[in-house]
Every structure is written in structure tokens, then in C-alpha cells.
Amino acid sequence: MNQPTSTTPRRRLRRGSAIAASFATVLALAGCSSSSKSDESKDTTATTAASADSGGAPIDNALTITTPDMEYDVSGSLRPGVGAITMDNTDDVTHMLAFAQVKDGVTTDQVTAALDKSEEEAGKLFVDSGPEGPAPLGTPALVGPGQRSTVTALDLKPGTYAMICFLTDDQGEPHWKMGMVKEVEISGDTATEKPESDGTITLNDDAITMPDDFNGSGTFLVTNTGKNPHAFSVAKLDAGTSLATFAGAVGQTEQAGKSIDVDGGVLAGGVDALLPGQSAYLTLDLEPGHYGYISPEDMNSPELPPQHGEFDVG
Ligand SMILES: [Cu+2]
């Protein structure tokens with residue numbers, strides 16, 4: 001039901017807020033991604049991290065978001081600067097986290113009311129909301145049920161941030177309408193402590209380069225050296241399901257306005273929408289299994305983009 005024209009406004013708010021990249025990839029795989037070239041070269045840096053040891057954030061300035069039954073439950077608080085955001089999906093469906101700064105005084109109710117009109121209308125309530133939407137911070141990507149993704153943004157600004165889930169159920173009802181809109185404050189002294197890195201994952205317009213000894217655990221600097229925005233999403237694949245099949249199914253159901261919880265695998269997190277030159281640390285602690293990774297931006301083909309690969313854990 002979503003033709004390119006109707007998805008454009010909706011994607012604006014997503015884009016740059018964190019979630020966009022995963023979706024762009026997914027939409028691209030379904031063969032109807034609109035062009036998402038961006039000349040913005042913001043110097044924002046972001047870090048994704050989740051301790052491989054404890055499953056928690058690798059730095060002190062950290063926020064944890066769980067998702068019980070269609071809501072964001074927040075614990076901890078964030079100061080500006082370097083801050084970790086953990087998305088721990090405790091629900092039985094996939095969720096996402098659009099995380100973007102709203103203008104002074106904008107309330108959750110106002111965001112919800114504006115979303116009810118259009119996502120374009122809602123976009124007006126956000127800071128730095130240009131034609132492509134709020135600038136990305138480097139935040140957790142799509143997180144499937146029972147999965148967790150931690151992101152430590154390196155350049156958080158003080159202010160009020162809205163968290164929104166744009167995924168839908170099979171009837172097309174968006175999660176934000178069921179309660180997945182929430183605000184958090186970022187305030188206080190600027191935090192500068194960064195996680196220690198176990199290697200670099202490089203995203204560019206042609207490929208993803210993984211660390212040599214990558215085994216699915218550790219904290220990795222994810223950096224976009226390309227000319228377009230890129231995300232990094234990880235999916236745990238069931239035996240017999242290829243990355244192309246799973247990603248295609250996710251894209252097609254999203255495209256059809258249905259739940260993206262398809263058979264064949266689960267979205268295991270990642271980093272959303274990094275602009276050219278932007279970086280983020282991603283800490284993974286993946287359970288044993290077969291995985292695929294993908295950078296779903298700017299692809300108009302039903303084929304897998306060149307930026308993908310597979311690996312085994314355990
Ligand atoms: Cu959701």
C-alpha cells in the first residue's frame with residue numbers, strides 16, 4: 001500500500017533520527033526505495049556499545065530502554081556528549097527507536113497529535129529537521145524480540161528527545177499509536193569517556209569491511225567512509241534461510257504496511273543511519289548461530305546491496 005510518494009514524508013522523520021538506514025535498506029531490497037542521497041556532511045559522531053561481558057553499556061553515561069508491551073520503559077539518564085543508549089527488546093515483536101531532539105517545550109502529546117496528521121507535520125516539531133529529517137545521532141537500529149543493541153552517541157546535545165517506533169502490526173497500526181512515543185531529557189555536564197574499541201567496521205558505498213578476527217562479540221568502531229548515509233544491521237538467520245530471502249521478506253512486509261516479524265530470522269540490532277564521515281561504536285554480544293549483516297542505503301534493486309556479508313558465531 002505504500003507507494004514511493006506516500007512513503008516519502010514518513011521516511012523523512014525516520015531518516016537521520018536513527019532508524020532510517022535499516023529501513024532504507026529494507027525498502028531498497030523490496031525494490032522501491034527512493035533515492036536518499038545526502039550531501040550533509042555533519043561532523044556528528046556516534047558510538048554504539050553494549051558490554052560483551054555484562055550486556056550493559058561500556059561507559060557510565062548510559063540509558064537503557066526496554067520495550068514491554070508496546071511502550072518504551074526508560075532507566076538511567078543521559079548527559080550531553082558521549083552517551084550510551086541500550087535498546088533491550090523485551091517484547092515479542094520487533095521494535096525500533098527513532099531518537100531525535102524536539103524543539104523547546106514540545107510535549108509527547110504534541111508529537112503524537114502531529115504524527116496523527118502526518119509524519120511531515122511531526123517533523124516540524126524537531127530540531128534541525130531539514131528535508132531529510134533530523135540529523136542522525138548514531139543510535140540502535142531495528143531490534144528483534146529478545147535482542148539488544150547498545151549505541152553510544154559521541155556528540156549528544158542537551159535538550160529534549162523524542163523516541164518513536166514507526167513499525168506497524170499486521171493491520172498497519174503503527175506502534176507509536178499504541179504507546180511507543182516517549183520523551184527523555186539530556187542535560188548536565190558533558191561526558192567524554194569513550195568505550196574501548198576492539199576493531200573497526202568500515203561502511204562505504206561499495207562494501208562493508210569487517211575486522212579480521214570478528215566473532216560477533218566486542219566493541220567496534222563503525223565508521224562511514226562513503227558519500228551516502230549508511231547503516232549497519234545484523235540479522236540472525238535460521239538454518240536454510242539466506243540473508244537475501246530474510247531481508248527481502250522484511251522489506252516486502254514493511255512495504256505492505258504489515259508487521260516485519262517474518263519467519264527465517266530475527267533482527268539482532270546494529271547502528272542506524274550514519275552520515276558520510278560519521279562514526280559510532282557498536283558493541284555486540286551475539287549468541288551462537290549464523291548471521292548476516294547489511295548496509296541498506298540507497299539501493300533501488302531487489303537484489304542484495306554490495307554492502308553485506310555473513311558470519312558464524314560459536
Ligand atoms: Cu515498535
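Are H95 and C165 buried or exposed? Both H95 and C165 are buried. The model discussed here is predicted.

## Copper site

Three residues hold the copper ion: H95 through ND1, C165 through SG and H175 through ND1. The coordination distances run from 2.0 to 2.1 Å. Along the chain, the donors follow the spacing H-x69-C-x9-H. H95 and C165 link distant parts of the chain, 70 residues apart. H95 sits in the loop between β4 (81-88) and β5 (98-102). C165 sits in the loop between β7 (159-164) and β8 (181-186).

## A contact across distant residues

A100 belongs to strand β5. Its relative accessibility is 4%, so A100 counts as buried. A100 and A162 are 62 residues apart in sequence. In space, their C-alpha atoms are 5.6 Å apart.

T150 lies in strand β6, residues 148-156. Its side chain makes a polar contact of 2.7 Å with the side chain of T86. How buried is T150? Its relative accessible area is 0%, and T150 counts as buried because the cut-off is under 20%.

## Two positive phi angles in one loop

Most residues other than glycine have a negative phi. D69 departs from this, with a positive phi of about 45° although it is not a glycine. M70 also has a positive phi, of about 60°, and is not a glycine either.

Where do D69 and M70 lie? D69 is in the loop between β2 (62-66) and β3 (73-76). M70 lies in the loop between β2 and β3 as well. Their exposure contrasts. D69 has 62% relative accessibility and so counts as exposed, the cut-off being over 50%. M70 has 15% relative accessibility and counts as buried.

## A four-stranded open sheet

Four strands form an open sheet in the order β13-β12-β15-β16. Their pairing is antiparallel. Which strands stand at the edges? They are β13 (265-274) and β16 (308-313). Each has a single partner strand, so one side of each is left without a neighbour in the sheet. Neighbouring strands of this sheet are turned by 15° against each other on average, direction ignored.

Strands of a sheet pair through backbone hydrogen bonds, either parallel or antiparallel. Strand β12 (residues 230-237) is joined to β13 by six bridges, and the two run antiparallel. H230 stands opposite L274 in β13. S233 faces G270 in that strand. Towards strand β15 (residues 289-294), β12 makes five bridges, again antiparallel. There A235 has G292 as its bridge partner.

## The two faces of β12

In a regular strand the side chains alternate between the two faces of the sheet. In β12, H230, F232, V234 and K236 point one way. A231, S233, A235 and L237 point the other way. How many residues of β12 are buried? Eight of its eight residues are buried, and the strand is mostly covered. Residues pointing either way from β12 are thus buried, K236 and H230 among them.

## Helix α5

Helix α5 covers residues 243-255, which makes 13 residues. At 1.5 Å a residue, α5 should span 18 Å. Its end C-alpha atoms are 18 Å apart, which agrees.

An α-helix has 3.6 residues a turn, so residues three or four places apart point the same way. The buried residues of α5 are L243, F246, A247, G248, V250, G251, T253, E254 and Q255. Just after α5, G257 takes a positive phi of about 75°.

## Nonpolar cores

Which residues have the most contacts inside the largest nonpolar core? They are L97, F99, V111, L115 and I164. This core has 45 residues. A second, separate core has 20 residues. Among its members are I201, M210, V222 and Y291.

Technical notes. Residues numbered from 1 in each chain as written. Predicted model: local features only at pLDDT ≥ 70, side-chain atom pairs only at ≥ 80, totals over all residues. Heavy atoms only, no water. Donors = N, O, S within 2.8 Å, 3.2 Å for Na, K, Ca; no water. Buried < 20%, exposed > 50% of the residue type's maximum accessible area, 1.4 Å probe, protein only. Polar contact = N/O pair within 3.5 Å; in protein donor to acceptor, adjacent residues only side chain to side chain. Pairing = 2+ DSSP bridges. Axes fitted to C-alpha atoms, helices over the stretch in contact; angles between N-to-C directions. Expected span 1.5 Å × (residues − 1). Core = buried A, V, L, I, M, F, W, Y, C linked by side-chain atoms within 4.5 Å.
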